[in-house]
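Biologist: Could you walk me through this one, a bit at a time?

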Amino acid sequence: MNPEKDFAPLTPNIVRALNDKLYEKRKVAALEIEKLVREFVAQNNTVQIKHVIQTLSQEFALSQHPHSRKGGLIGLAACSIALGKDSGLYLKELIEPVLTCFNDADSRLRYYACEALYNIVKVARGAVLPHFNVLFDGLSKLAADPDPNVKSGSELLDRLLKDIVTESNKFDLVGFIPLLRERIYSNNQYARQFIISWILVLESVPDINLLDYLPEILDGLFQILGDNGKEIRKMCEVVLGEFLKEIKKNPSSVKFAEMANILVIHCQTTDDLIQLTAMCWMREFIQLAGRVMLPYSSGILTAVLPCLAYDDRKKSIKEVANVCNQSLMKLVTPEDDEPDEPKPVVQKQAEPNPDDSSAKQEGAASGGPDGSCDSSFSSGISVFNPASTERAPVTLHLDGIVQVLSCHLSNMAIGMMTRIAVLKWLYHLYIKTPRKMFRHTDSLFPTLLQTLSDESDEVILKDLEVLAEIASSPAGQMDDPGPLDGPDLRVSHSELQVPTPGRAGLLKTPGTKGLECSPSTPTMNSYFYKFMINLLKRFSSERKLLEVRGGFIIRQLCLLLNAENIFHSMADILLREEDLKFASTMVHTLNTILLTSTELFQLRNQLKDLKTPESQNLFCCLYRSWCHNPVTTVSLCFLTQNYRHAYDLIQKFGDLEVTVDFLTEVDKLVQLIECPIFTYLRLQLLDVKNNPYLIKALYGLLMLLPQSSAFQLLSHRLQCVPNPELLQTGDGVKAAPKSQKADSPSIDYAELLQHFERVQKKHLEVRHQRSGRGDHLDRRVVL
C-alpha cells in the first residue's frame, strides 16, 4: 500500500494501524473508525460515511496485502456498529467486500471475514433480509470449510441469521427458492447439513409456506436422504416427515401432480430408506389425491410392481407397495370405460388411514432402473383449488398401463407375486373398462398364452381368469357397437365363430339347432373360439405343457367358462387337426378329464341321457373327434350308454393295428370301469336280459387284453354277472326294455361308424409313412 496516498478522512495513524500485523493495533484503529463514523452520523454527513466505507472496502478489504485485508474487515465491522440502525442504508457496500473475503485462501482471513459479517448482521438485523440470498450463498460455502475455526464462526453467523428470519415477516421466499433448489444438490455432507437445517427453520415459521414450493426441492431432499452420514439421513427423515404431516393437514394446497414423477423415480432406487420413504409418500398421495393420480398409473405400476416380489429382507417396502397397488386399482371405475366423457375429480376429505394406499406417480422417468417398461404421460393435471371442490376431469388412458403390465408379464425374471399382481390388474381392467381393454387384447393375447407355461399354479390360475374374462365378456363381441379410439382389433367372423353341430350334418333331424348355452351361461364372444384354437396350438407345440398342466388348465377353464362350449369347440377344432398323433393325445386328455373330473359332473349327466337335441349334438361332435383314439371312443359310448354302438366299435378293433399304447389304453379303460364314475354301468350288469350289448362289449374288451392284471380284473367282474345263459342275443330280443336305453333315432350311428373307420384308416396311413421314413418306433405287439 502506498504510504503517500491520501486516505482522508482516515488519519495516517488509523491507516498505519489497519495495516499492522498485530490484531490489537488493528482493533485500536477500528475503535478510532467507529468514533469517526459516529461523528459523521451525528452530522448527517452521508458523503463522508460512504467515503469511509468505500476506502475501507477498496483500499483495505480488497487489497492484495493480507494484513490490509484484515484491517479492512475489522474497519467495516466498526462502521456498521457506529451506524447502528442506519447501517441498513449502506448494507450493500458493507457486505459485498466481506463476502469476497469468504473465498480467501488464508483460513485466518476467512475467519475474520465471518466475524466481521456477524457484527454487521447483528447490528442490521431485519434490514439484511433483502440481501439474504448472497448471505446464504456465502454461508453455504463456509459450512463446508475445512478449517474448524472458520466452520465454528460460520455456525454462529448461521444461528444469528436464522433468528432474524424466524422473527421477521418480510422474508422473500420466492426469491430464495431458486438458490435453495441449486444448493440442495450439493454432495458435501456439511453443506447438506446446512441446507437441511435451513429447511427445518423455514418450515417452522408460520408465515412462511414452504409447502407451495415443495416440488422444487423434493428431489434434492430424497438425494440427501441417501447420504452416507447417519446424522444427515436422520435430519432429512425429520424434514420429510414434517412435510408429509403438513400435506395431510392441508391437501388442498398440495401440488400432487408436480411431485408425481419425483416419487416414481425414487421409488425405484436401490437405497432401502429412500425407496421406503418414497413409497410411503406414494401411499399418502393416492389416499389424498385420489383420481388425480390416475394419469400417472403406468409410472406408479412400474415402480410398485417389482417391489411386490421382495423377500422378507425388504418386507416393509413390500407391504407399503402392496397397499399402493391395491389402492390405485380401486381408483379405476366403470365410468372410466367412457372414452369421450372424462370423469370429474371431486376433492376428498383428508382423513389419514394407515391401511389405505400410497400412490406412485408416473413420469418421464417411469420405468425400471434399467430403462425397461418405460411409459409416461404428458398430462397437465391441476392441483387442489381451495376455492373449489372440483378438479379438471381425469381421463384414464390405458396405453401406458397395458404396456407396463405386458412388459412385466412377459419378463420371465419377474417374481411370482409381481406376475400375479399384473394378472389381477389385467382382470380388473377387463371388468371395469372392457371396451377400452379390448383394443389391446390382440397385443396381450400372445403374452397371456405364454404365461400358461409359468411354473406357478397360482399364476396360471390368474392367467386363466383373465383369458376366461376375455373369452366371455360381451365387450368382445364382434358386433359390439361400442366406440373405438384405438386400432381395430376385430378379426373375421368366419374365423372366430363357434361352430354349431348342425354344420357337420351329425343329426338326421334337419330342424335341430346348433349348440346353445343354457340361460345361466354367459354367451361366449368372438375371442372364445380364438382362445380355444391358440390353446390347442400351444399344447401341440409344447407337449410338456400338455402333459404336465394340460388337465389342470382345462379343468379350471371348465369352472370359469361353460364346459359344454369348451369341449364342443375343442372337438370341432381337433376334427380338422392335421397332426393326428397330437389329435389322439389331446382326445385322450379331454376324455380323461370328462370321465374323472368333478368339474365335469353336470356335463357327464347331460351326456349320460342324450334326451335333448343339444346333448345329442354334443355327443356327435365329441364322437367324431374322439375317433382319433379308438379306446376313448368306446369310453364315450359307455358314458352315453350307447352299448350296442360300443360293441360294434369293438368288433372293428380286429381290423386295427394293436400296439402297446393301444393295449395300455384298454387297460386304463378297464380301471376306469371299476371307478365310481361308472357305478351305474356296473349296476346295469345285474340286468343281463336288458343289457346284452353292454356285457358283450365288456367281453370284447376282455378278448383284446393279454393275460394281465386288467384281464383278471375285468374277468372277475364279468364272473359276477348273474345267469350267464342269458347272454344269447338272438331274435328273441325284440325291443329294448325299460332298463335298456334305446339308441336315439335322431343319431345316424351307421354314419358315425363309417367316420370312425375313415379316421382310423388315416392314422394307419400316417404310421406307415413314419415307419417308411425310419422315424417311427414300431410298438406293435407280436402275437
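Modeller: Sure, starting with a definition: a disulfide is a pair of cysteine sulfur atoms within 2.5 Å. This is a predicted model, where local features need pLDDT of at least 70, side-chain atom pairs count only at pLDDT 80 or more, and totals for chains, interfaces and linings use all residues. Residues are numbered from 1 along each chain as its sequence is written, and side-chain values use heavy atoms, with hydrogens and water left out.

Biologist: By this rule, what does the count of disulfides come to?

Modeller: Take Cys637: the closest cysteine sulfur is in Cys627, 8.4 Å away, and that's too far for a bond. By the rule, the count of disulfides comes to zero.

Biologist: Is Cys637 buried or exposed?

Modeller: Buried means under 20% relative accessible area, exposed means over 50%, and partly exposed is in between (1.4 Å probe, protein chains only). Cys637 has 0% relative accessibility, so Cys637 counts as buried.

Biologist: How do the axes of H7 and H9 run, roughly parallel or roughly antiparallel?

Modeller: Helices are DSSP runs (H or I, at least four residues), numbered from the N terminus. Axes are lines fitted to C-alpha atoms over the stretch in contact (heavy atoms within 4.5 Å), with angles from 0 to 180 degrees between N-to-C directions. The axes of H7 (residues 132-142) and H9 (residues 173-183) come within 10 Å and cross at roughly 15 degrees. Angles under 35 degrees count as roughly parallel, over 145 as roughly antiparallel, 65 to 115 as roughly perpendicular and the rest as oblique, so H7 and H9 are roughly parallel.

Biologist: Which residues of H9 make the contact with H7?

Modeller: On the H7 side, the contact uses Phe132, Asn133, Phe136, Asp137, Ser140 and Lys141. Their partners on H9 are Gly175, Phe176, Leu179 and Arg183.

Definitions and conventions. Helices (H or I, at least four residues) and strands (E, at least two) are DSSP runs, numbered from the N terminus.
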